[in-house]
Amino acid sequence: MIEFPIPDLHDYYYCDPILYVSHLIGHEGGGSLFAHLKSKGWCNTLTAGPTAGAKGYSFFAVRMVLSSQGEGTGL
């Protein structure tokens, strides 16, 4: 899992920019990051999205479950 600190986006609730980014990174269809990693046999699952932080900030997490082949790639 990789986590990135991000500023509090509560003021932007009406357009939810972090969910847009979550969808782009976590998409599993053709041409996606996940589809590419899975086609190489490196990754079994990939999820992305915001996680709780504290007042004024939160985190954006990208989680991957690597295959046994993917564990040796340095991902």
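Strands, as I use the word today, are DSSP runs of E at least two residues in length, numbered from the N terminus. With that settled, hello everyone, and let me start with Ser58, which sits in strand β3. Please keep in mind that this is a predicted model.

So, is Ser58 buried or exposed? Its relative accessibility is 15%, and because buried means under 20%, Ser58 counts as buried. And which residues does Ser58 touch, if we leave out those up to four places away in sequence? There is a run of Phe4, Pro5, Ile6 and Pro7, and then there are Thr51 and Gly53.

Let me widen the view for a moment. UniProt, in an unreviewed entry, places the feature "domain: Peptidase M16 C-terminal" at residues 2–69. Over residues 2–69, the chain is 41% strand and 28% helix. The C-alpha atoms at the two ends of that stretch are 20 Å apart.

Now to helix α1, which covers residues 17–26. Which of its residues are buried? They are Ile18, Ser22 and Gly26. If you look down the axis of α1, these buried residues fall within an arc of 55°, so they line one face of the helix. As a reminder, an α-helix has 3.6 residues a turn, so residues three or four places apart point the same way.

What do the buried residues of α1 pack against? Three strands: β1, at 2–7, β2, at 43–54, and β3, at 57–66. So that you can place our opening residue, Ser58 belongs to the last of these, strand β3. On the face of α1 turned away from the buried side, you will find the exposed residues Tyr20, His23 and Leu24.

Let's step back along the chain to the loop between β1 and α1. Tyr12 lies in this loop, and together with Tyr13 and Tyr14 it makes a nonpolar surface patch of about 430 Å². Tyr12 itself counts as partly exposed, at 40% relative accessibility.

Asp16 is found in the loop between β1 and α1 as well. What is the phi of Asp16? It is near 45°, a positive value in a residue other than glycine. With a relative accessible area of 33%, Asp16 is partly exposed.

On the other side of α1 comes the loop between α1 and α2, where α2 is residues 33–39, and that loop holds Gly30. Gly30 counts as exposed, with 79% relative accessibility. From Gly30 to Pro17 there are 13 residues in sequence, and 23 Å in space from C-alpha to C-alpha.

Last stop, the C-terminal part of my tour. Glu71 lies in helix α3 and, at 59% relative accessibility, counts as exposed. How many residues separate Glu71 from Cys43 in sequence? The answer is 28, while their C-alpha atoms are 8.8 Å apart in space.

Then there is Gly72, in the segment after α3, which is residues 68–71. Gly72 counts as exposed, at 70% relative accessibility. Between the C-alpha atoms of Gly72 and Pro50 the separation is 28 Å, with the two positions 22 residues apart along the chain.

To close, please have another look at α1 on the screen: Ile18, Ser22 and Gly26 on the buried side, and Tyr20, His23 and Leu24 on the face turned away. Thanks for listening, everyone!

Conventions:
Residues are numbered from 1 along each chain as its sequence is written. This is a predicted model: local features need pLDDT of at least 70, side-chain atom pairs count only at pLDDT 80 or more; totals for chains, interfaces and linings use all residues. Side-chain values use heavy atoms; hydrogens and water are left out. Buried means under 20% relative accessible area, exposed over 50%, partly exposed in between (1.4 Å probe, protein chains only). Helices (H or I, at least four residues) and strands (E, at least two) are DSSP runs, numbered from the N terminus. The arc is that of the directions from the helix axis to the C-beta atoms. Contact means heavy atoms within 4.5 Å. UniProt positions are given in the numbering used here, feature names are shortened, and annotations may be inferred rather than shown by experiment. Patches are made of residues with over 30% relative accessible area and no salt bridge: like charges are joined within 9 Å, nonpolar side chains (Val, Leu, Ile, Met, Phe, Trp, Tyr) within 5 Å. Accessible areas come from the Shrake-Rupley method with a 1.4 Å probe; for residues, only the protein chains shown count as cover. A salt bridge is a side-chain nitrogen of Lys or Arg within 4 Å of a carboxyl oxygen of Asp or Glu.
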